[in-house]
Amino acid sequence: MIGSTGMRAQLSIGELIIHLRGQHGLTQYELADQLAGVSGNDAVTREEVSRWERGKRIPGPYWRNWLSEVLGCPSERWESAALAARKSRRIPVQRRQATG
């Protein structure tokens, strides 16, 4: 994502998941299945992956750790992407639409 200044803007966690999932050729179902497999926790579903990607939810540290392992992305990048997602949630809707 390129900002108005021409500099690369920080991806939100949803954008990062979409990007990395695409690079790995995974569907939302396959990502959820791999996360369940490595974590031993089948609480993650395709629907939850979809919520993360749409910015409806931000995966907590537990799932960010497993996303890091499955998608091969350093944990620091997940933390900064989660922060970017939290910041974008704080922008009022009218302002988001005007800049969007």
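Hi everyone, let's start inside the fold, at Val 49, which sits in helix 3. Before I go further, please keep in mind that this is a predicted model. Val 49 has a relative accessible area of 0%, so it counts as buried. Who are its neighbours? Leaving aside residues up to four places away in sequence, Val 49 touches Gln 28, Leu 31, Ala 32 and Val 44. There is also a long-range relation to point out: Val 49 and Gly 14 are 35 residues apart along the chain, and their C-alpha atoms are separated by 8.9 Å.

Let me zoom out for a moment. The protein chain has six helices and zero strands, so if you read along the sequence you get α-α-α-α-α-α. Of its 100 residues, 36% count as buried. For those of you who like contact maps, take the contacts between residues at least 6 apart in sequence: 54% of them join residues at least 24 apart. On the outside, the chain exposes about 6,300 Å², with carbon and sulfur atoms supplying 51% of that area.

Now, how confident is the predictor? The mean pLDDT of the chain is 85, and 81% of the residues reach 70 or more. Which elements mark the two ends of the range? Helix 2, residues 28-39, has the highest mean pLDDT, at 98, while helix 6, residues 93-99, has the lowest, at 49. Please also be careful with residues 1-8, where pLDDT stays under 50. For that stretch the model has nine contacts beyond four places in sequence.

Back to the side chains, and to the part I enjoyed looking at: the aromatics. The structure holds three aromatic pairs. In one of them, the ring centres of Trp 52 and Trp 63 are 6.3 Å apart and the planes meet at 50°, so this pair is tilted. The pair links distant parts of the chain, since Trp 52 belongs to helix 3 (residues 46-54) and Trp 63 to helix 4 (residues 61-71), eleven residues apart. Another pair is Tyr 62 with Trp 63: here the centres are 4.9 Å apart and the planes are at 85°, so the arrangement is edge-to-face. Taken together, ring pairs link Trp 52, Tyr 62, Trp 63 and Trp 66 into a cluster.

Are these rings buried or exposed? Trp 52 has 1% relative accessibility, so it counts as buried. Trp 63, at 13%, counts as buried too. Tyr 62 comes out at 40%, so that residue is partly exposed. Away from that cluster, there is a charge over a ring to look at: Arg 46 lies over the face of Tyr 29, at 5.6 Å from the ring centre.

Let's stay with helix 4 a little longer. Its buried residues are Trp 63, Arg 64, Trp 66, Leu 67, Ser 68, Val 70 and Leu 71. Why might buried positions recur along a helix? An α-helix has 3.6 residues a turn, so residues three or four places apart point the same way. What do the buried residues of helix 4 pack against? They pack against helix 1, helix 2, helix 3 and helix 5, the last being residues 75-89. Just after helix 4 comes Gly 72, which takes a positive phi of about 65°.

My last stop is Arg 21, in helix 1, residues 13-23. Is Arg 21 buried or exposed? Its relative accessible area is 15%, under the 20% cut-off, so Arg 21 is buried. Where do its polar atoms go? The side chain of Arg 21 reaches the backbone oxygen of Leu 26 at 2.9 Å, and a polar contact of 2.6 Å joins the side chains of Arg 21 and Glu 53. Beyond four places in sequence, Arg 21 touches Leu 26, Thr 27, Gln 28, Leu 31, Glu 53 and Leu 71. Compare that list with the neighbours of Val 49, which include Gln 28 and Leu 31. Finally, Arg 21 and Val 70 are 49 residues apart in sequence, with 9.5 Å between their C-alpha atoms.

That's my tour; thanks for listening!

Definitions and conventions:
Residues numbered from 1 in each chain as written. Predicted model: local features only at pLDDT ≥ 70, side-chain atom pairs only at ≥ 80, totals over all residues. Heavy atoms only, no water. Phe/Tyr/Trp six-rings, centres within 6.5 Å; stacked < 30°, edge-to-face > 60°. Helix = DSSP H or I, 4+ residues; strand = E, 2+ residues; numbered from the N terminus. Buried < 20%, exposed > 50% of the residue type's maximum accessible area, 1.4 Å probe, protein only. Lys NZ or Arg CZ within 6 Å of the ring centre and 35° of its normal. Contact = heavy atoms within 4.5 Å. pLDDT = per-residue confidence, 0-100. Areas by Shrake-Rupley, 256 points an atom, 1.4 Å probe, with all protein chains shown as cover. Polar contact = N/O pair within 3.5 Å; in protein donor to acceptor, adjacent residues only side chain to side chain.
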